[in-house]
Amino acid sequence: MNDIKFIWLNGDIVPYEKSGVSILSHSLHYGSAVFEGIRCYKTEDGPAIFRLKDHIGRLFNSSSVVGMDIPYSREDIISAVIEVVKHNELKECYIRPIIFYGDKMGLLPTDASLHFAIIAWEWDKYFKKESVSVRVSSFKRIHPDSAVLSAKVSGHYSNSIMASLEARASGYDEALFLDHEGCIAEGPGENIFFIKDDVFHTPREGKIFPGITRDSIIFIINNMGFKVEETDIKPEDIEGYDEAFFVGTATEVNSISKIDGHIFGEGGEGPKTEKVRDAYKATVSGRLPAYKHWLDFVK
Ligand SMILES: Cc1ncc(COP(=O)(O)O)c(C=O)c1O
């Protein structure tokens with residue numbers, strides 16, 4: 001990532017090269033880092049960061065799960081994120097705040113030092129295809145009693161990495177997890193929606209990562225006059241839906257062409273998915289006054 005010029009590290013803007021991480025970092029060995037993925041979009045009024053306060057709120061909640069005591073306020077971090085975008089002169093980018101433990105071997109990180117970095121770079125569409133093929137993973141989503149699923153802890157992502165590799169190795173673009181009860185959960189880094197007529201169905205919270213994009217899409221869909229049902233969805237229900245799509249900060253809104261053997265419609269992006277994708281794009285680009293409060297402008 002040699003196009004990154006400056007990062008924020010432990011309170012200061014420093015050149016990217018200064019970000020050296022110790023080989024004995026607790027987080028490197030045991031997956032104890034917590035992080036966020038945030039996007040900044042071009043708008044008529046300059047770059048704007050989408051739902052920044054919500055992302056930073058979730059980051060602080062995640063940090064408490066792995067015992068971190070952050071020496072900055074949420075407001076400090078919100079300003080620091082804006083500063084990183086500004087300093088790198090980015091118009092549109094992906095932003096990755098990450099908090100990780102320094103040197104400490106042994107599982108308890110109690111007396112380990114804490115490091116806080118914010119990195120930003122231009123990151124285009126997550127999927128290069130308008131509509132992606134999906135394989136139901138042989139790996140189940142992490143059991144909600146085995147971790148705090150609402151926390152974005154780096155160690156949780158070994159589950160996602162295994163499912164992604166498996167899907168790619170069998171010729172699919174992306175994986176789809178079932179939860180421990182056999183219901184559809186989510187992708188390795190995205191939430192999922194299905195459409196039947198004018199009703200959008202999405203797995204309910206509790207057994208999935210509660211995505212900020214999912215939350216935004218629920219608002220947007222309701223305001224478009226469609227109904228949203230947060231419900232249990234079984235794999236055998238898939239055939240009854242007209243369309244399906246993934247949502248997430250990196251993914252944004254991306255149509256699903258097929259899940260295992262079932263092809264949705266003609267196999268391309270369906271008309272309602274297209275409407276939602278357009279509405280989301282208009283939302284994040286500041287074109288819809290109703291959602292402008294979700295944007296923090298980089299001035
Ligand atoms: C497992 C998982 N589900 C869903 C999401 C979508 O969350 P968000 O919309 O907050 O980016 C992510 C992304 O971080 C994720 O990692």
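Strands β11 and β12 form a hairpin with two residues between them, and D197 in this turn has a positive phi of about 50°. Strands here are DSSP runs of E of at least two residues, and helices are DSSP runs of H or I of at least four, each numbered from the N terminus. The structure is a predicted model, in which local features need pLDDT of at least 70, side-chain atom pairs count only at pLDDT 80 or more, and totals for chains, interfaces and linings use all residues. Residues are numbered from 1 along each chain as its sequence is written.

Within the hairpin, β11 and β12 (residues 199-203) pair in the antiparallel sense over three bridges; two strands are said to pair if DSSP finds at least two bridges between them. One of the matched positions is K196, whose bridge partner in β12 is V199. Strand β11 is also joined to β14 (residues 243-248) by five bridges, and these two strands run antiparallel. There, I195 has E243 of β14 as its bridge partner. Five of the six residues of β11 (residues 191-196) are buried. A residue counts as buried if 20 or more other C-beta atoms lie within 10 Å of its own, as exposed if 12 or fewer do, and as partly exposed in between, with C-beta atoms placed from the backbone.

A second hairpin is formed by β4 and β5, with six residues between the strands; G46 in its turn has a positive phi of about 95°. The pairing of β4 with β5 (residues 48-50) is antiparallel and comprises two bridges, and Y41 stands opposite A48 in β5. Strand β4 (residues 38-41) is further joined by three bridges to β6 (residues 93-101), again in an antiparallel arrangement. In this pair, R39 stands opposite Y94 of β6.

Helix α5 has 12 residues, which should span 16 Å at 1.5 Å a residue; the end C-alpha atoms are 17 Å apart, which agrees. The expected span of a helix is 1.5 Å times one less than its number of residues. The buried residues of α5 are I212, T213, R214, S216, I217, I220 and I221. The elements that cover them include α2, β11, β12, β13, β14 and α6, a contact being counted if two C-beta atoms, placed from the backbone, lie within 7 Å. After α5 comes G225, with a positive phi near 95°.

Helix α5 (residues 212-223) also gives the most to the shell around the ligand, with three residues. In total, 13 residues surround the ligand, and the closest are G211, I212, T213, G248 and T249; a residue is near the ligand if its C-beta atom, placed from the backbone, lies within 6 Å of it. The shell comprises two nonpolar, eight polar and three charged residues.

Helix α3 (residues 74-87) has 14 residues and reaches 20 Å from its first C-alpha to its last, close to the 20 Å expected. In α3, the buried residues include I77, A80, V81, V84 and V85. An α-helix has 3.6 residues a turn, so residues three or four places apart point the same way. E89, which follows α3, has a positive phi near 55°.

Overall, the protein contains six helices and 17 strands. Its radius of gyration is 19 Å, close to the 19 Å that the globule rule gives for 299 residues, so the protein is as compact as a globular protein of that length. The radius is taken over C-alpha atoms, and the rule is 2.2 Å times the number of residues to the power 0.38. Of the 299 residues, 42% count as buried.

Notes:
Ala, Val, Leu, Ile, Met, Phe, Trp, Tyr, Cys and Pro count as nonpolar, Asp, Glu, Lys and Arg as charged, and the others, Gly among them, as polar.
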